[in-house]
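Subject: Structure handover

Hello,

Here is the structure I said I would pass on. My notes on it follow below.

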Amino acid sequence: MARVYNFSAGPSTIAEPVLERAREEFMDWRGSGMSVLEMSHRGPEFVSIAAKTEEDLRDILGIPDHYGVLFLQGGATTQFSMVPMNLAAEGGLACYVDTGSWSLKAIEEARKICEVHIAASSMGSNYSAIPEEATWDLKKSAAYLHYTSNETIGGIEFPGIPACGGLPVVCDMSSNILSRPIEVDRFALIYAGAQKNMGAAGITVVIVRNELLARASRKLPSMLDYAQHAKNQSMLNTPPTFIWYLLGLVLDWIKSLGGLESLARMNSRKAAKLYQAIDDSSFYSNPIQPKFRSRMNIPFILADAALDERFLAEAEQEGLMNLKGHRSVGGMRASIYNAMPEAGVDRLVSFMGEFERRYG
Ligand SMILES: Cc1ncc(COP(=O)(O)O)c(C=O)c1O
């Protein structure tokens, strides 16, 4: 079996020990005589899997007791609507920070539900930097401030957590959750799709301060109501059981590595190697100001775009897959989430050097 290095932005590479454990347990989950795929979500086996997954997530991220953890469907995209539906009053106001494609999508959806005020935008720097917080125009009457901690397409990441003038902070952490330790109690609500750092597509984690659960001032369909999901242990309907289980295996793997401190060190080292290779060359470039460069998604362009197809084809021959940049940006993008081994980054860096020597 030849596994490749998969630089896809999501669904993305999953650590081999996780896949192997899923395979070992696939036909018969720990002597139950059943695959997890076949279990009732209300049976004792799956209930124990779900409970352990939540416990491990709380442990790894340090989620305080006054926060609820929900395991929902509909992707982070559904959260673009659920956040304003649940947290903003009818005709209410919410602040958003625009740092690129994903925050703009969140803004577009929120505008259908409430008033949106753009507190800051990266547009002025052509999305290469995040405006200094001192320049943000925050509205005290806003129900919350929303930002995207890592822009998966543009490759821009918040180096820390903004203070946001005391407004409740809501964060789309889809593409950098579990990549480093965070102070959960600085947030009102965090959401993230699983298909980057938490396993496979199909489940979205929402971490929310309990007092906000019953905030919805409008009548909401149950599936869009955080309070309903919380009351029903995220089993208001049949959940994506296997994906939930897989998330649990990813958390076991994170624990075996020593938790988020270790992952943060590995992630910084991997990203630094790739940025160094880009900066040391006159053939590759990355437009993001160094302070805001993403550790997870690294876009880069070749000096001659006519070589893009050749770069991708030759990279594939080396087992370096899915390096094509997002269609809106072009060029290349290497997504190097937690599960991308450092050896994959080393292989990419060495391929880039060779390619430049031949064609640069
Ligand atoms: C930062 C960010 N937010 C939201 C989404 C949307 O996630 P989903 O496709 O799970 O709805 C993505 C998907 O890549 C993302 O990267």
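Which residue is the bridge partner of Tyr-191 in S10? That partner is Val-206. Please keep in mind that this is a predicted model.

Tyr-191 belongs to strand S9, which covers residues 189–193. On the other edge, Tyr-191 is the bridge partner of Asp-172. The strands involved pair as follows:

- S8 (residues 169–172) and S9 are parallel and share three bridges.
- S9 and S10 (residues 204–209) are antiparallel and are joined by five bridges.

S9 is also covered on both faces. Leu-189, Tyr-191 and Gly-193 are buried on one side, and Ile-190 and Ala-192 are buried on the other. Because five of its five residues are buried, S9 is largely enclosed by the rest of the structure.

The second item is the largest pocket, with a volume of about 390 Å³. Its lining takes in residues from domain 1 (17–256) as well as domain 2 (259–359), so the pocket lies between the two. The lining consists of 20 residues, and those nearest the centre are Asn-126, Tyr-127, Gly-154, Pro-287 and Val-329. By type, ten lining residues are nonpolar, ten are polar and none is charged.

As for secondary structure, helix H4 (101–110) and strand S12 (297–302) each contribute at least two residues to this lining. The largest share is that of S12, with three residues.

Regards

Terms used
Residues are numbered from 1 along each chain as its sequence is written. This is a predicted model: local features need pLDDT of at least 70, side-chain atom pairs count only at pLDDT 80 or more; totals for chains, interfaces and linings use all residues. Side-chain values use heavy atoms; hydrogens and water are left out. Buried means under 20% relative accessible area, exposed over 50%, partly exposed in between (1.4 Å probe, protein chains only). Helices (H or I, at least four residues) and strands (E, at least two) are DSSP runs, numbered from the N terminus. Two strands pair if DSSP finds at least two bridges between them. On a 1 Å grid over the protein atoms alone, a cavity is a set of points where a 1.4 Å probe fits but cannot get out, and a pocket is an open set with protein on both sides within 12 Å along at least five of seven lines; lining residues have an atom within 4 Å of a point. Grid points are joined across faces, edges and corners, and a volume is the space filled by probe spheres set on the points. Ala, Val, Leu, Ile, Met, Phe, Trp, Tyr, Cys and Pro count as nonpolar, Asp, Glu, Lys and Arg as charged, and the others, Gly among them, as polar. Domain bounds come from an automatic or database domain assignment.
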